[in-house]
Amino acid sequence: MAVNADLTTIWALIIAFAVFMYVVMDGFDLGIGILFPAFAPGEERDQAMNAIAPVWDGNETWLVLGGGGLFAAFPLAYAIILPATYPLIIAMLLGLVFRGVAFEFRWRDPRHRAFWDWAFTSGSLVAAMTQGMILGALLQGIEVDGRNYGGGWLDWLSPYSLLTGLGVVAGYALLGACFLAMKVEGRAEDHAYRLAGKAAWATLALMVAVSLYTPLLDGQYWRRWFTMPNILFAANVPIVTGILFFALGRSLRKRRTYRPFLIALGIFLLGMIGLGISMWPFLVPDTVTIWDAAAPERSQVFMLVGVAIIMPIILAYTGWSYWVFRGKVGTEGYH
Amino acid sequence: MVVDPTALVLARAQFAFTVSFHFIFPAFSIGLASFLAVLEGRWLLTGRALYLDLYRYWLKIFAIVFAMGVVSGIVMSYQFGTNWAVFSDKAGGVIGPLMAYEVLTAFFLEAGFLGVMLFGMRKVGKGLHFAATLMVAIGTAISAFWILSVNSWMQTPTGFVMSPDGRFLPGPSWWDIIFNPSFPYRLVHTVIAAYLTTAFIVGAVGAWHLLKDTANEHARKMFSMAMWMAALVAPVQIFVGDVHGLNTLEHQPAKVMAMEGHYQSHPDGAPLYLFGIPNDREQRLDYPVAIPKASSLILTHDPNAPLDGLDTIAPEDRPPVWIVFWSFRIMVGIGFAMLALGLWSLVARARKRLYDWRALHRTAIVMGPSGLVAVIAGWVTTEVGRQPFTVYGLLRTADSASPLAAPAVAASLIAFVVVYTAVFGIGVWYIFKLMSHAPHPHETGIEQTERAPLRTAGITPGPTQNPTREQDGSPLPTVEDDR
């Protein structure tokens, strides 16, 4: 598993970073959407919504960077994976439409609020589920014909992709509950801690299930995880993940403010590392490597200059925006 | 690889539908963001509460428009891969980086500062808040820069080299790719169109409230500002459009032939067809109404100059004339109607009738959505006029599509039509509801009343009818203290 620090590798890491940023940042937005029905209409729901209203748009932009970045840096992978998961992508986009407009629309007419709250939840649920299923569809393998997708339009549907879909739903719910625990007060806060505990158990169970299922899919995954010397490194991932889940349970019982969310981020990071162990250096398992799919070197260089200069600025003002809206959202709307 | 012809037509219909629907929102929000920046800037300069009221009034509308633009825009960033995978693979090395720059320099900027713009006035203070508004406005303009560069490259591709397997690779200079020949014209034409679109919507809202109350200071101000834009910018737009057309004649002559309805070549001066029914089968314009030699005069500044017709283009390379011919006439017709309204407003201003000339106000209301119609017609002209190619002259649309099954594309097309019509239809209705409230002193901000959870429990007045407004006696706008 040699890692050359060439441009293509750097770009793979940048795309992985964008995907990770999207998963955790929109992850807690979508998780809040998934958990929304558990909160009482009125004060609890309004607080939950206000906790993310100023930042959801920026969080969702990472999805455009992930998709647009894949298009720009690995056009062949983009051209194969998107047709292969076509119905999932369309469903995800439509889910995000409902979720996104609900932020504004629910305030426009009180008679419609119940409907938009429902749209917020179902849109979030569909987006989370389809994102998990896209991951599953990718991991279980995609049929490639020349430079095109070569399979049928329902190949993505399998017990495995349904399982990864549920795993992502549970994981996002965990992030959302931990985020709310930091941001809301009163009964909503109690509620968030309770939901975080349940979501943690669900996430743990589904992560274990996916981890056991994945090596059975294909010889490559088995070799990567369970043969020497890989196992010496790879085994650390589930061990550390287990420790983090234990720490998460403790911090939730002690009702720490920030710690549960930070630990949840750590769990997602380990999930990402596990994904890297399974996939590297393939973008489409066993067929398309990052080097096969890479954009021309001139494109990589041109974009790298932009990323190197602009990404720190983006992170700075994104951080500033979170700082402006720091602390509890309170019970009186925006302040 | 052979793409199912039905799937190809459906994929094109889907892209046309999602991109047309999407563009309605940025066409409005690009101009509206700048308008908001002007309003807030003038409030800070003059201290007049009127400007803050107008800012808050339009900010609520902006929030909805922007949200709809964002969610429909994310769809676009994936449509390239879902529907045009072969195009993505072949052209990704050239246009992918431009789109990545759009995300990095524009989308993050808009999204990062939008939260502060919408909800942060009381948290960051006036100066920083104005900076956030400016960042959002600048972000919309940067976004237009990159995406129009991408589109222009597809119209007039330059600066690339072909790989042996038929992919477009960037040449030595990105400048040649970004600033391809049609880009400067398209950029200026489109941004001005967005400003005019916003001006006519703002003008219509102002006119609506002037019809109900000619003394409404807020309605007067927005109507006056909008009519200045119409009077000053509409003529500029007609000039820019003409120059853009000459550029198209140079680089994409077949498109201009379709716009003009010139099936036949005219060796000694081509007529300008004002009306006609394009007949692609017979390759002639039925029932033409023409001004002799005027087309040559406009396009070459010489009434007797020869102009080639579509008979000089290979049949398989001709764009469909009917759509291009008519969409072009709709756009140009609206452009001149805008100019006429702008001139009328100058007459009204000179006669001091700007605020009580009811026929002017009624016309302005009718013209409210004209900018949106014109920009869509303009895009139809340029995009259908590029057919049958995605990358003009080099990559055919039929060779660009994803290998998709027709039922999958049909089902998703239906889903898009149903969801967009319902969701954005309701969104537009909410916008009309906000617009129907007369702008007034002490306009409420987004963060102040509408979202206070206390109101969800009890009596819930409409969004702009703030029950605390009457008790709020302060004549000057105050930025509420932090709790």
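## Two enclosed helices in chain A

A residue is called buried if 20 or more other C-beta atoms lie within 10 Å of its own. Keep that cut-off in mind as you look around this predicted model. Start with helix H3 of chain A, which covers residues 56-73. Of its 18 residues, 18 are buried, so H3(A) is largely enclosed by the rest of the structure. You can also check its length: at 1.5 Å a residue, those 18 residues should span 26 Å, and the end C-alpha atoms are 25 Å apart, which agrees.

Now try helix H5 of chain A, residues 86-105. H5(A) is mostly covered, with 18 of its 20 residues buried. The length check works here too: the expected span is 28 Å, and the C-alpha atoms at the two ends sit 28 Å apart.

## Where the two chains meet

How many residues does each chain bring to the contact? Chain B puts in 69 and chain A puts in 66. On the side of chain B that touches chain A, the elements giving two or more residues include helix H2 (49-83), helix H3 (85-119) and helix H4 (121-155) of chain B. Strand E2 (168-170) of chain B is also one of them. H3(B) gives the most to that side, with 24 residues. Sort the chain B side by class and you get 44 nonpolar, 16 polar and nine charged residues.

For a close-up, find A:Ile314, which is part of helix H14 (residues 297-324) of chain A. Is A:Ile314 buried or exposed? There are 23 other C-beta atoms within 10 Å, so A:Ile314 is buried. Its contacts include residues of the other chain: A:Ile314 touches B:Leu104, B:Phe108 and B:Gly112. Meanwhile, A:Asp292 is 22 residues from A:Ile314 in sequence, and their C-alpha atoms are 30 Å apart in space.

## A helix pair in chain B

Next, pick out helix H10 (residues 321-350) and helix H11 (residues 358-366), both in chain B. Their axes come within 11 Å and cross at roughly 155 degrees. That angle makes H10(B) roughly antiparallel to H11(B), because over 145 degrees counts as roughly antiparallel. The crossing is left-handed.

Which residues do the touching? H10(B) offers B:Leu341, B:Trp344, B:Ser345 and B:Ala348, and they meet B:Leu360, B:Thr363 and B:Ala364 in H11(B). By class, this contact has five nonpolar residues, two polar ones and no charged ones.

## A few backbone oddities

Most residues other than glycine have a negative phi, and most peptide bonds are trans. Here are some spots to compare with that. In chain A, a cis peptide bond joins A:Trp280 and A:Pro281, with omega about -5 degrees. A:Pro281 sits in the loop between helix H12 (259-279) and strand E3 (282-284) of chain A. Chain B has a cis bond from B:Gln387 to B:Pro388, where omega is near 5 degrees. The loop holding B:Pro388 runs between helix H12 (370-386) and strand E5 (389-391) of chain B.

As for phi, B:Tyr287 is not a glycine, yet its phi is positive, about 50 degrees. You'll find B:Tyr287 in strand E4 (residues 284-291) of chain B. B:Tyr287 has 8 C-beta neighbours inside 10 Å, so it counts as exposed. B:Lys293 isn't a glycine either, and has a positive phi of about 65 degrees. Look for B:Lys293 in the loop between E4 and helix H9 (294-300) of chain B. With 19 C-beta neighbours inside 10 Å, B:Lys293 counts as partly exposed.

Definitions and conventions. Residues are numbered from 1 along each chain as its sequence is written. Chains are lettered from A and ligands numbered from 1 in the order in which they are written. This is a predicted model: local features need pLDDT of at least 70, side-chain atom pairs count only at pLDDT 80 or more; totals for chains, interfaces and linings use all residues. Axes are lines fitted to C-alpha atoms, for helices over the stretch in contact, and angles run from 0 to 180 degrees between N-to-C directions. Helices (H or I, at least four residues) and strands (E, at least two) are DSSP runs, numbered from the N terminus. Angles under 35 degrees count as roughly parallel, over 145 as roughly antiparallel, 65 to 115 as roughly perpendicular and the rest as oblique. A crossing is left-handed if the near helix is turned anticlockwise from the far one by less than a right angle, and right-handed if clockwise. Two residues are in contact if their C-beta atoms, placed from the backbone, lie within 7 Å. Ala, Val, Leu, Ile, Met, Phe, Trp, Tyr, Cys and Pro count as nonpolar, Asp, Glu, Lys and Arg as charged, and the others, Gly among them, as polar. The expected span of a helix is 1.5 Å times one less than its number of residues. A residue is buried if 20 or more other C-beta atoms lie within 10 Å of its own, exposed if 12 or fewer, and partly exposed in between; C-beta atoms are placed from the backbone. Lists of a residue's contacts leave out its neighbours within four places in sequence.
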